[in-house]
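Trainee: I have the two chains open on screen. Can we go through what sits between them?

Mentor: Yes, let's take it step by step.

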Amino acid sequence: MEQYAVEMLHITKRFPGIIANDDITLQLKKGEIHALLGENGAGKSTLMSVLFGLYTPEEGEIRMDGQAVKIRNPNDANARGIGMVHQHFKLVECFTVLDNIIMGVEPTNKLGFLQKKHAREKVLAMSEKYGLHVNPDALISDITVGMQQRTEILKMLYRENDILIFDEPTAVLTPQEIDELMQIMKNLAAEGKSILFISHKLNEIMAVADRCSVLRKGKYIGTVEIKNTTKAELSRMMVGRDVKFAVDKEEAKPADVVMDVQHMTVASKQHDNDAVRDVSFQVRRGEIVCIAGIDGNGQSELVFGVTGLEPLKSGKITMCGQDITKAPIRKRSTSGMSHIPEDRHKHGLVLDYTLEDNMVLQRYFEPQFTNGIGFLKRGAIHAYAEKLIDQYDVRSGQGAVTVARSMSGGNQQKAIIAREIDKDPELLVAVQPTRGLDVGAIEYIHQQIVAQRDAGKAVLLVSLELDEVMNVSDRILVMYEGEIVGEFDPKKVTVEELGLYMAGAKREGVAQ
Amino acid sequence: MKKKHSSILRFEGVQTLLASLLCILGGLLIGFIVLLIIEPSGAWEAITSVLESYFRYPSAKLQLKYLGQTLTRTAPLLMCSLSVLFAYKVGMFNIGAAGQYVAGACAALYVGIAFHMPWWVCMLAAILAGALLGAVSGMLKTFCNVNVVISGIMLNWIALYVTNMVLSTEGVKNPMSPYTMQLRGVNPGGLIPQMGLNTLFGNEKSVTIAIPLAIIMAIVVWVILNKTKFGYELKATGYNYHAAKYSGMKENQNIIMTMMIAGALAGMGAALLYLTGIEEWETTISSVPAMGFNGIAVAFLGGLSPIGSILAAYFIQHITMGGGNVDLSVYCAQISSLISSLIIFLCAFVAFFKLAIKNHLRKRDEAAAAAALPKKGGDNA
């Protein structure tokens with residue numbers, strides 16, 4: 001008989017109007033890496049919340065080492081050796097790595113003074129053993145995201161957890177960091193830790209997992225051995241139909257220039273160096289220009305400069321022949337710029353507004369939605385929102401009057417995309433439009449972006465996902481430390497080549 | 001039957017009302033316990049006299065008269081609560097309403113007494129003075145990133161002492177007392193007109209059109225916040241400053257504008273009190289009048305809705321007046337303030353009780369969902 005570290009048998013958890021987990025069984029073997037795959041809303045989070053004692057399931061039981069157990073709260077889960085690395089790290093920024101690791105289980109002597117020396121030795125030994133390189137004395141705010149994640153992993157190990165849950169751990173990492181993480185996970189499994197790896201990135205699951213359980217719309221679809229399966233089969237299980245990985249698109253037919261950026265420099269909020277340095281590029285009608293690069297190399301600031309969220313230090317931006325260098329945001333928007341922002345919660349939506357109020361966020365002042373004396377035309381707003389919801393298949397609990405906060409991330413993103421595309425822009429600026437979304441939604445959003453291009457719009461896409469960069473774009477500009485270090489045709493360049501430019505190992509002698 | 005009961009509970013307004021009532025009940029209960037501790041024999045008598053307020057008076061005429069007085073003082077309180085809730089909807093806590101109210105009092109009385117202006121000019125001056133002080137808070141917030149609470153508290157004291165100074169000038173202050181001259185004597189045209197409303201309230205002369213004006217302002221605030229483009233922009237700025245900026249709204253201008261309007265509302269509140277002639281300004285006063293602070297409590301007790309504020313303002317004024325009826329031979333004079341302040345204190349729990357009601361509903365839904373499904377399965381079998 002197989003030895004299971006954790007078994008969740010026939011778990012059913014219902015919420016009003018929805019069965020979040022419908023008879024789900026998940027068996028985690030000792031020392032294996034078990035992937036949990038599913039789209040957003042498939043029930044992965046609910047299942048993990050059940051395992052952590054945040055929810056009590058109506059049916060089913062949890063067994064550990066063959067014994068039925070009741071997990072009442074997260075402390076219970078911790079005491080039983082279950083640890084989790086959350087997608088958004090739970091670290092104290094102004095504490096050191098070591099302080100964060102020992103937090104909550106601080107070693108003290110009888111008088112209550114901290115005894116960090118022993119803890120430090122233990123942490124160093126662990127980081128040696130598993131290849132988790134950290135500097136225990138560095139402040140969290142000073143270290144890279146990858147190192148922060150290793151700190152989170154060490155936190156679990158320090159607590160001697162044997163069951164480690166990774167919730168979409170690669171979403172924030174660079175390609176190199178992802179490779180390192182994969183190696184660390186393998187090391188941990190080899191040392192007898194059992195790992196549950198929540199993801200919807202098929203490449204990573206194929207690369208690292210031993211087995212994979214798939215959920216779809218709250219139902220358990222099945223568990224497969226990774227060595228006996230393919231990416232296509234996994235995605236079919238996850239989405240329920242065949243998914244195209246390559247984006248269908250015709251050859252680009254670039255026409256006249258829509259946006260011309262000359263010698264743009266944007267200051268940084270983090271440091272004294274400029275975030276964007278003397279960048280020049282053009283975007284034409286009917287082409288998708290993609291800014292590729294590792295996170296934090298000035299892409300965000302480049303978009304802030306283009307869209308008007310930050311002022312330029314120097315340089316000039318022209319859109320459709322108009323100088324918009326100093327134009328306010330509203331002017332840019334009404335002259336034909338649409339912006340799908342990087343951070344949908346910070347910029348893209350007023351989360352406490354209803355979906356319909358969010359749908360008109362860029363157009364509420366137009367005569368069709370506001371009458372001459374400043375009253376909103378509620379009926380028109382509602383009808384318009386219903387139209388977009390229908391057209392772009394935005395799903396929500398109560399339709400147009402759903403509060404945006406209560407919607408799933410994918411549908412929030414769809415709402416933003418619907419709003420920005422329906423504005424019928426000349427230039428669409430899309431920043432990481434598929435971040436955190438599942439395969440089905442990504443495919444849909446890519447289709448929409450290509451459709452915009454084919455309709456003769458100019459598209460400026462900023463992406464950290466190399467797959468996206470290679471599949472969607474017609475022209476690639478690589479950004480490194482605030483500068484454009486290379487321009488490529490996606491059909492003539494390899495991912496490896498791009499990686500070298502992104503990492504700053506190579507650059508074109510004289511750009512343009 | 002039970003089903004109907006639960007569906008009523010689901011309305012936001014009903015939840016707010018229920019939560020507010022729970023707060024009031026809690027305040028009364030704690031007040032009653034305090035009374036019991038001090039002197040058990042008179043406790044029941046005292047608490048009922050607070051609640052009965054003017055209904056204790058023997059004749060219908062007297063009751064009407066005191067109802068009129070209560071309403072007269074409700075109007076400025078309502079204005080202060082509107083000031084607080086307006087700023088709150090745009091994400092700012094206008095504790096400076098108290099100072100804006102003081103500035104309004106200063107402007108109204110000075111213009112009325114020194115320049116013998118008609119009442120509406122005095123009121124306009126009060127509105128402008130309040131708006132000006134509000135704008136200072138708003139600008140400090142947008143240009144220097146000073147928290148509105150901090151600047152509000154500071155400005156409250158600045159407004160108080162400037163007002164004491166301005167109203168102490170010759171010709172404005174009564175030379176025989178620390179109070180300002182009586183508006184009724186110096187400039188009767190500075191009094192808000194009664195338009196016959198006083199005849200409805202046993203000829204109580206303080207009853208003026210201030211009362212309907214305040215109610216109209218509550219409705220105007222509700223309309224602005226919920227029906228206009230302006231309200232849409234302001235609330236968007238309050239909920240998410242960054243999204244407002246992203247969508248091209250003038251986010252900083254919106255914040256200053258909001259604080260100006262909030263200040264104007266509080267300033268107008270002061271005009272509604274001091275231009276009825278029932279009170280003069282005491283130029284030696286060394287504490288900021290409580291009206292503005294009570295506006296905060298009223299705004300929360302009213303569930304942050306302009307319409308709810310009307311009811312809440314009346315209730316707070318009702319028990320404040322009722323506090324005057326407590327038998328002072330049994331309890332010390334402060335006891336009435338204690339009971340009303342306990343209720344005001346408990347007002348802060350409206351949101352808490354609302355959450356409790358929502359959680360209760362959610363739990364019941366979950367239980368119902370759990371119960372319904374197996375039954376359905378049984379039907380199929």
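Trainee: How many residue pairs are in polar contact across the interface of chain A and chain B?

Mentor: The rule finds 17 such pairs across that interface, both residues at pLDDT 80 or more. The cut-off is there because this is a predicted model.

Trainee: And how many salt bridges between chain A and chain B?

Mentor: Zero by the rule.

Trainee: Which elements of chain A give two or more residues to the side that touches chain B?

Mentor: There are β1 (4-15), α10 (329-334), α11 (344-348) and α14 (409-422) of chain A. The most comes from α11(A), with four residues.

Trainee: How do the residues on that side of chain A divide into nonpolar, polar and charged?

Mentor: The side of chain A that touches chain B has 15 nonpolar, seven polar and 10 charged residues.

Trainee: What about the contact count and the buried area?

Mentor: On chain A, 32 residues are in contact with 25 residues of chain B. The area buried between the two chains is about 2500 Å², and carbon and sulfur atoms give 63% of that.

Trainee: Changing topic to strand β16 of chain A, residues 337-340. Which residues point which way?

Mentor: A:Met337 and A:His339 point one way, A:Ser338 and A:Ile340 the other.

Trainee: Buried or exposed?

Mentor: All four of these β16(A) residues are buried.

Trainee: In what sense does β16(A) pair with β17(A)?

Mentor: Parallel, over four bridges, with β17 of chain A covering residues 427-431. Within β17(A), A:Val429 stands opposite A:His339.

Methods:
Residues are numbered from 1 along each chain as its sequence is written. Chains are lettered from A and ligands numbered from 1 in the order in which they are written. This is a predicted model: local features need pLDDT of at least 70, side-chain atom pairs count only at pLDDT 80 or more; totals for chains, interfaces and linings use all residues. Side-chain values use heavy atoms; hydrogens and water are left out. Contact means heavy atoms within 4.5 Å. Buried area is the accessible area (1.4 Å probe) that two parts lose on being put together, summed over both. A salt bridge is a side-chain nitrogen of Lys or Arg within 4 Å of a carboxyl oxygen of Asp or Glu. A polar contact is a pair of N or O atoms within 3.5 Å; within protein, one must be able to donate a hydrogen and the other to accept it, and residues adjacent in sequence count only if both atoms are side-chain atoms. Ala, Val, Leu, Ile, Met, Phe, Trp, Tyr, Cys and Pro count as nonpolar, Asp, Glu, Lys and Arg as charged, and the others, Gly among them, as polar. Buried means under 20% relative accessible area, exposed over 50%, partly exposed in between (1.4 Å probe, protein chains only). Two strands pair if DSSP finds at least two bridges between them.
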